[in-house]
Structures are given as C-alpha cells and as structure tokens.
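Let's go through the strand pairing here and check each label against its cut-off.

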Amino acid sequence: AESKEGRKHIAATTNHTSSTMKSTCCVSAALLLAAAHNPTTLAFSPSSHVHSPSVALRSQQTRRTSLRLSAAAIATPSNDDSSSTTTTLTKQQKRIQQIRKEGGIFAFNTKFGALNPYAIYYGLVSIALGLVWFVALTFSQLFYKLTGGKLDKRRRLPVFFSHVWGTLLMLFTGCFPKVENWDAIKEFHKSGRKAMFVANHNSWMDIPFLGHTIGWHNYKFVAKKELEKVPILGKAIKVAKNVLVDRSNRRSQLLTLKQGMKWLDDGVNLCTFPEGTRSRSGRLMPFKNGAFKMAHKAGKPVIPVSICGAAKVMPSYWMFPFKPAHNVCKVVLHEPIESEGKTEQELADAVRDAIVAGLPEEQRPLTTTQ
C-alpha cells in the first residue's frame, strides 16, 4: 500500500513538473515573439517564477502584456505593406480609368491586354483571315519543298499572301492610314531601284501600316528573332525568309548582315524599325547601333517613314486596336536618302532628322540629342 501511495505521489509530482515546464516554454515562446515585434518588452526568468512570489507576479503581468502586444503586432499590417497595397490599387485603378476613357464603358482589362467591342471584332476578323493566311503559307512551304527552292528564289509568294491578309484586315476593320507623299515612292518603284524603308515604332499597327505603304512589292522585314514564336506571323517570317536578328549571338549578327545585303543586291526591299522595340512613351527613342549597316555597305538608299498616331488606336497595353485607324493615323513618306558619299553615322543622322520632321510634337524626342 505504501508502495502504491509512493508511486501515485511520484506520478503527481512528475505531472505537475511537466505542466510547469510546458507553461514555462509557452510563456518563453510568447515573449520571444513579443520581443521580435517590440524590443522594449522585458523577459522574465523561469527560475524566478518558481522561487520568488513577487517576481512571479510581475512575470505574470509582463506575460499578459507581452501576449497582447504580440497579438496586436501580428494583427496590424506594417505601414510599408499598407502603402504597397494602396499604390498597387491606385495603379490598377488608373489603368482601368485610362482603358475606359479610350475604349468606352464596355472596355475591360485582361492579363493579355485590354479589350472593348471593337477590339474583339478586330481580333475575330484577324483570326479568321489568319487561318486562311496560315493555309496559304503552308501551301507555299510545301511548294518550296517540292521544287527544292529553285522556283521563286526571292520568296515573293508568301509575301504576297501576307500582304493580302494585311490589306483585307485593314479593309474590313477601317484601319487604312492616310499616306502622304505616296507619289514620290511610286516614282521610285518605277525606277526599278530597291531601298531600305526605315520607320519609327510605337505600336503593333506600325507593321501593317508599313507594308501597306510599300505596296505590292517584294520586301523583307529585319526583325528580332523572338518574333518567330508569334503564331502565324512567325511562320510567315520563316517561310518568306525575312531577316532575323539574334542580338545575343555575334556570329548570327554577321550572318544577318550578309543576308540583308544579299536581299538588297537581289532586288528586294528591306524594312526595319531602328529603335529595336516599341516606344512605350510614344516618343522616338535612340536608334540601335548598326541599324543602317546593311544599306550603307550595299550602297542602297534609305527611305525614312514617319508613322503618326498608331498608339492612339493601339497602345502597348491593348490586345487589339480599340478603334479604327481611319482619319486617326497617318504615314509620311520622305524622299530617299542616298548612302553613297556618307558615313554610316551621317546616314543615320540624316534619316533620323527626316523621321522627326514628319512626327507630331507628342512623338518627337524630348531633346535633340535623344
């Protein structure tokens, strides 16, 4: 009996000790959390809690205060987080307001870009015509494979199909731009000479606008290699053997230079956007180095092209144009600038000056040194 009573006493003492240790651990953890949020919070010693009643009382009060502080610190977001959330919401609200202002009350935003009823219509027409375009490009690809590339060596056929797609798309959506000084370029085409067409770039609409301006002639775009990944357009670029630039590969750049010069020598026009990418601000950006090297080395003229107002119908954050380009956009063609007798830099400066002269004030660079 005494043995059983002894075992019960030992078990009770052990449970009490275990409970005390658990309580002490929990309190210590709470205090550490509170100290992390509030460095001025005082910790207490478990040993003083056991041996000193006055210290234990103070420790208990400190524990309650610390727990309240830690709970408040966890529940209350920091000023930085609150400010970040407010800033994000403000940017989103501004974007939505801008989209509604441009595209009307039915405009809305998606992760791929903004849309409104006209943009949806434009997209459906583009896709429907694009399917026919894709079939035509596949036929061209099969034709070159069967003939071993011995026929149509300048790849005129896929350029023709691409031009048909762009022309019909602009016709059905009312997106033909106004073209100034077209007669001078028509006379240039009659002379049989070939040139490099150089234009500013701040919207996807610049591509069909430039193609429409050149007309029903064979031309190749000098474009960045990433465009190969764009559905249908990438296929058109490859089948027509447009000139693709891989800026990460020096050897590829040299091959691209030779390919472009060969097209000019073979009687094919070249088109390029020397800024290298779309201008988000709408203003003309600095030209990339070597943008005119092909024309300069081949001794061919450069025709500057000023595209005005393309971003007014399709800014960078819209998936498709939100309104027709007719009576909004304009393309200004300038007189050909001969490359002979000029350095590459002199040619670049002359072309840039001509493009700037044809742009509206809101698209010109802020300073003459840009």
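Q: What stands opposite K220 in β5?
A: L270 does. This is a predicted model, where local features need pLDDT of at least 70, side-chain atom pairs count only at pLDDT 80 or more, and totals for chains, interfaces and linings use all residues. Residues are numbered from 1 along each chain as its sequence is written, and side-chain values use heavy atoms, with hydrogens and water left out.

Q: Why are β3 and β5 called paired?
A: Pairing takes at least two bridges found by DSSP between two strands. Strands are DSSP runs of E, at least two residues, and helices are runs of H or I, at least four, both numbered from the N terminus. β3 (residues 219–224) and β5 (residues 269–272) have four bridges, in the parallel sense, so they count as paired.

Q: How do you know that β2 pairs with β5 and β6?
A: β2 shares three bridges with β5 and four with β6, both parallel, so each pair passes the cut-off. M196 stands opposite L270 in β5, while A199 stands opposite V305 in β6.

Q: What makes both faces of β2 count as covered?
A: M196 and V198 on one side, and F197 and A199 on the other, are all buried, meaning under 20% relative accessible area (1.4 Å probe, protein chains only; exposed is over 50%, partly exposed in between).

Q: What makes β1 and β4 edge strands?
A: In the open seven-stranded sheet, ordered β1-β7-β6-β2-β5-β3-β4 with mixed pairing, β1 (178–180) and β4 (243–245) each pair on one side only.
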